[in-house]
Amino acid sequence: MKSLKIYLDGDSFRPFLILLDKHCLPYIVIDHRPDALISSLWLDIPKSAEILDRLSGVITEFISRKNKKTVIFMNDRRRVGASGLSEQEIALLLAHAERLKITEPEIVKRFITASEDATLKRRKQRFYSE
């Protein structure tokens, strides 16, 4: 049986696993990497019509509750954002999906420049040649 791989980042995996358990969806934890800065989790979910229908409901509920970005990676290497899609549209996409990635909307929030930070102003500017 084919399976769907789901990548969850640090703040996503606990609430998402709770929703999967609530909807009685089977999953296998493939890889869990706890780290000092971020922890991530890879799940493997069987790809059957019934499970994908229930999974689309879990994804729409998770996106509506949390401010998360869900990207669906299709079999033909296209990427589709699932944030504005309905449950039926997500179910149709999941049938042809290779994997999912659920992350924060902005991975890099903002860079601090030297003019904004007083400690960076005092540091000597270094230039490196290539």
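The following paragraphs lead through a predicted model, from its nonpolar core to its helices, strands and salt bridges.

The largest nonpolar core is a suitable place to begin. This core holds 28 residues, and those that touch the most other members are I6, F16, L20, L55, I72 and L94. Several elements give two or more residues to the core: the helices α1 (13-22), α2 (49-65) and α3 (87-95), together with the strands β1 (3-8), β3 (40-46), β4 (69-74) and β6 (97-103). The largest share comes from α2, which provides seven residues.

One member of the core, L94, shows how separate parts of the chain meet. Apart from its neighbours within four places in sequence, L94 is in contact with L4, K47, L52, L55, S56, I59, I72 and L100.

L94 also belongs to a group of buried residues in α3, alongside I90, A91 and L93. These four residues lie on the same side of α3, because the arc that they cover around the axis is only 165°. The other side of the helix carries Q88 and L92, which are exposed. The elements that cover the buried residues of α3 include β1, α2, β4, β5 (79-81) and β6.

The strands may be considered next. β6 runs parallel to β1, to which it is joined by four bridges; with β4, by contrast, β6 pairs in the antiparallel sense, over six bridges. The residue K101 illustrates both pairings. In β6, K101 is the bridge partner of Y7, and K101 also stands opposite V71.

Charged side chains supply further links. The whole structure contains five salt bridges, among them one between K22 and E61, with a distance of 3.4 Å from N to O. This pair connects distant parts of the chain, since K22 lies in helix α1 and E61 in helix α2, 39 residues apart. K22 counts as exposed because its relative accessibility is 55%, whereas E61, at 21%, counts as partly exposed.

Another salt bridge joins R77 and E98, at 2.8 Å from N to O. Here too the pair links distant parts of the chain: R77 is in the loop between β4 and β5, E98 is in strand β6, and 21 residues separate them. R77 is exposed, with a relative accessible area of 64%, while E98 counts as partly exposed at 31%.

A further salt bridge, between R54 and E50, has an N to O distance of 3.9 Å. Both residues lie in helix α2, four residues apart, or about one turn of the helix. R54 is partly exposed at 28% relative accessibility, and E50 is exposed at 54%.

Definitions and conventions: Residues are numbered from 1 along each chain as its sequence is written. This is a predicted model: local features need pLDDT of at least 70, side-chain atom pairs count only at pLDDT 80 or more; totals for chains, interfaces and linings use all residues. Side-chain values use heavy atoms; hydrogens and water are left out. A nonpolar core is a set of buried Ala, Val, Leu, Ile, Met, Phe, Trp, Tyr and Cys residues joined through side-chain atoms within 4.5 Å. Buried means under 20% relative accessible area, exposed over 50%, partly exposed in between (1.4 Å probe, protein chains only). Contact means heavy atoms within 4.5 Å. The arc is that of the directions from the helix axis to the C-beta atoms. Two strands pair if DSSP finds at least two bridges between them. A salt bridge is a side-chain nitrogen of Lys or Arg within 4 Å of a carboxyl oxygen of Asp or Glu.
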